[in-house]
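Hello,

Here is the structure I promised to hand over. Please open it first, then read my notes below.

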Amino acid sequence: MCCDYGFRSNSGRLYQEGYGQIPGSAWDLAWNNFAQEWTALRRSFRYDEYARIAKSNPPQGFLGKVSYAVGSAVVDAFSRIDLWLEGRRLFSPVLPTAVPEEVIDKETGSITAECRQIRNKLQDLKLSNKAVWDREHAREAAGGGVETPWFVRGVYLPLCVFLDVAFDNRPIQRFWFLETVARMPYFSYITMLHLYESFGWWRAGAELRKVHFAEEVRDCQVTAAWRILSYP
């Protein structure tokens with residue numbers, strides 16, 4: 001996969017592998033995932049992977065620049081602490097992310113031309129927060145707004161601001177976060193239909209469950225793709 005940055009492998013990367021297999025215990029799965037996430041987090045601090053993102057997509061706006069400045073200070077502090085702990089053998093050594101073998105050109109020893117081209121295009125991907133808000137206001141002005149209770153909107157609007165600040169000029173990471181959240185309603189729909197049937201309140205939800213399950217599987221696969229792309 002040209003866009004694979006090596007964070008995941010095998011069934012941890014693609015949902016099409018490992019079908020029909022019984023997963024391990026919750027403890028084993030959680031511990032293995034924590035170990036991988038912990039190593040990736042240490043690596044992101046030590047080698048300042050955020051600087052590469054900011055170089056191709058500089059922070060914009062006052063809040064974005066302030067957030068990036070604070071984040072840079074935090075990254076530098078944790079990098080120093082991690083290096084100090086590693087030097088005293090309290091932490092194991094951490095190396096830069098290895099490039100997956102499938103994207104290596106065997107003749108040159110570097111990433112393939114196709115892979116390099118796709119990665120360059122990914123770095124050029126931009127998302128304007130202002131354009132998103134302008135589109136939302138235009139939709140509401142055209143009568144396409146959705147009536148929602150004040151307490152729902154009170155949660156929705158701060159979340160939108162959080163996305164603008166936390167994922168400023170990081171559209172791929174932003175899309176991964178949004179797709180992760182988007183999967184939750186489908187799970188809720190299926191759960192409630194199952195509950196209604198169990199209580200005997202509603203027994204006509206079988207076909208509707210199929211629809212919501214198909215929607216959840218679609219977002220499951222999309223999330224996998226965004227996750228792979230979220231670790232440049």
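Start with helix α7, residues 171–199 (helices are DSSP runs of H or I, at least four residues, numbered from the N terminus). Its 29 residues should span 42 Å at 1.5 Å a residue, and the end C-alpha atoms are 43 Å apart, which agrees. The expected span is 1.5 Å times one less than the number of residues.

This is a predicted model: local features need pLDDT of at least 70, side-chain atom pairs count only at pLDDT 80 or more, and totals for chains, interfaces and linings use all residues. Residues are numbered from 1 along each chain as its sequence is written, and side-chain values use heavy atoms, without hydrogens and water.

Buried residues of α7 include Y186, L193 and E197. Buried means under 20% relative accessible area, exposed over 50%, partly exposed in between (1.4 Å probe, protein chains only). Just after α7, G200 has a positive phi of about 80 degrees.

Next, look at R89. It sits in the loop between α3 and α4 (113–123). Its phi is positive, about 60 degrees, yet R89 is not a glycine. R89 counts as exposed because its relative accessibility is 78%.

Now the helix pair. The axes of α1 (26–46) and α3 (61–87) come within 8 Å and cross at roughly 110 degrees. Axes are lines fitted to C-alpha atoms, for helices over the stretch in contact, and angles run from 0 to 180 degrees between N-to-C directions. The two helices are therefore roughly perpendicular (65 to 115 degrees). R42, F45 and R46 of α1 make the contact with V75, F78, S79, D82, L83 and E86 of α3 (heavy atoms within 4.5 Å).

Best wishes

Note on methods: Parallel < 35°, antiparallel > 145°, perpendicular 65-115°, else oblique.
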